Amino acid sequence: MRKSLLAFGLLALLSSNAFAANYVVDTSGAHASINFKIQHLGYSWITGRFNTFDGKFSYDPAKPEAATINVNIDTQSVDSNHAERDKHLRSEDFLYVKKYPNAKFVSTKVESLGGERLKIFGDFSLHGITKPIIIMAEKIGEGKDPWGGYRAGFSGTTRIAMADYGIMTNLGPASTHVELMLNLEGVQQ
Amino acid sequence: MLKNSTLSYGWLSIVFHWVSAIIVIGMFALGWWMVDLNYYSPWYTDAPHYHKSVGLLLVALMLVRLTWNLSQKRPTPLGTKWEIKAAKLAHLLLYLLVFSLFISGYLISTADERGITIFNWFTLGSLGRFFAEQEDIAGMVHEYVAYVLMGLASLHGLAALKHHFINNDNTLVRMLTIKQQKEQQ
């Protein structure tokens, strides 16, 4: 009786594990990045990234539409490889990091587009304003890592209008939107 | 008279004083104005370029000035004991604030290892990043120190006017002309 209970318990544990595994984004090993790009005058792209963030997701390859994800970004960590510009990006003219030190994304719904492609609906908060956005994502791969863990990684892109988030500084007609590119590898917990 | 005496400043000290005063006030005005420039302003890149170029040339001028002043006599200060003490402290603070502006300004622009180009003439290299959030902290220091400096410089100017119009002494005149020395003798 006791044995069968234990077996049942183990089975339940295993099956719930296989159902929807929880992952923590591997920021400590820097196998994840949150990048952005914006046009400069309409002549080129400039890119940057947020160096400090954390995230969690749950994912079951058999049931991708049950996936959830949330990501927190430290806006102070913006890095466009130019100190003077980064200082300006952190100022009241853009991210206003003193007042709004965090940005975050919380998924609300996931649609499977077939293959490894997902459409992730969610709320993105930036500069004190929360708006629904859609991230077009793709699973890059998943499996065991060489060190005894299990990993899954995704890549996603979205595009936001700065004005939607109350960032009104005018950078010109070609530079009203920012594209965000997320590369998130999670380690299964 | 090139050199200072106990009665008056020499012309070199006078020139150093007024040239640096004009540049410092001009730099404050330029800095104040340029931080709010529109991205499409023709001055958006030129104004900071001039601010940094002139600022770094001012460092050289101030170092020469400081060396010169330390080698010179100071004209005997006029006024009451506490006025003389306050003036000395104010002069010391003016120097300290100006040099804090040099250091903080340099630390903003060089936080990412980029040097500062002076009038496309030569580039002063970066010493690298000394601490986290360097450009933000240095930027804040640069801004607030500039305000404090302008406040203290105004007080310094008002004190000179007070000496001139209320005490009717030579404090201001001897920073304007070297002739005073002869008249007093």
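Is A:Asp164 buried, partly exposed or exposed? In this predicted model, A:Asp164 comes out as partly exposed, because its relative accessibility is 40%, and that value sits between the 20% and 50% cut-offs. As for where it lives, A:Asp164 is in the loop that links β10 (150-161) to β11 (177-188) of chain A. Setting aside neighbours within four places in sequence, its contacts are A:Ile129 and A:Lys131. A:Asn72 is another matter: 92 residues away along the chain, its C-alpha atom is 19 Å from that of A:Asp164.

Stepping back to chain A as a whole, its secondary structure adds up to two helices and 11 strands. Read from the N terminus, the order of elements is α-β-β-β-β-β-β-α-β-β-β-β-β. The chain has 189 residues, and 39% of them are buried. Among contacts in chain A with a separation of 6 or more, 54% join residues that are 24 or more positions apart. The surface that chain A exposes comes to about 10,700 Å², with 57% of it supplied by carbon and sulfur atoms.

A look inside chain A brings up A:Ser107, a residue of strand β7 (residues 102-112). A:Ser107 counts as buried because its relative accessible area is 13%, under the 20% cut-off. Its side chain has a polar partner in the backbone: a polar atom of that side chain lies 2.9 Å from the backbone nitrogen of A:Ile69. Not counting residues up to four places away in sequence, A:Ser107 touches A:Ala67, A:Thr68 and A:Ile69, and also A:Ile120, A:Phe121 and A:Gly122.

Two loop residues, one from each chain, catch the eye for their backbone angles. A:His127 has a phi near 55°, a positive value in a residue other than glycine. A:His127 belongs to the loop between β8 (117-126) and β9 (129-144) of chain A, and with 12% relative accessibility it counts as buried. Over in chain B, B:Glu133 is not a glycine either, yet its phi is positive at about 55°. B:Glu133 is placed in the loop between β2 (122-124) and α4 (134-165) of chain B. Its relative accessible area is 39%, so B:Glu133 is classed as partly exposed.

Then there is the interface. Chain A brings 16 residues to the contact and chain B brings 14 residues. Together the two chains bury about 1,300 Å², and carbon and sulfur atoms account for 49% of that area. On the chain A side, A:Ala83, A:Glu84 and A:Lys87 provide 38% of the area buried against chain B, more than any other three residues.

Polar links also run between the chains. Nine residue pairs are in polar contact between chain A and chain B, counting pairs with both residues at pLDDT 80 or more. Three salt bridges span the interface. One of these pairs B:Glu135 with A:Arg90, with the closest N and O atoms 3.2 Å apart. Helix α2 (residues 83-90) of chain A gives the most to the side of chain A that touches chain B, contributing six residues. By residue type, that side of chain A splits into four nonpolar, seven polar and five charged residues.

Key. Residues numbered from 1 in each chain as written. Chains lettered and ligands numbered in written order. Predicted model: local features only at pLDDT ≥ 70, side-chain atom pairs only at ≥ 80, totals over all residues. Heavy atoms only, no water. Contact = heavy atoms within 4.5 Å. Buried area = accessible area lost by both parts, 1.4 Å probe. Salt bridge = Lys/Arg side-chain N within 4 Å of Asp/Glu carboxyl O. Polar contact = N/O pair within 3.5 Å; in protein donor to acceptor, adjacent residues only side chain to side chain. Helix = DSSP H or I, 4+ residues; strand = E, 2+ residues; numbered from the N terminus. Nonpolar A, V, L, I, M, F, W, Y, C, P; charged D, E, K, R; others polar. Buried < 20%, exposed > 50% of the residue type's maximum accessible area, 1.4 Å probe, protein only. Areas by Shrake-Rupley, 256 points an atom, 1.4 Å probe, with all protein chains shown as cover.
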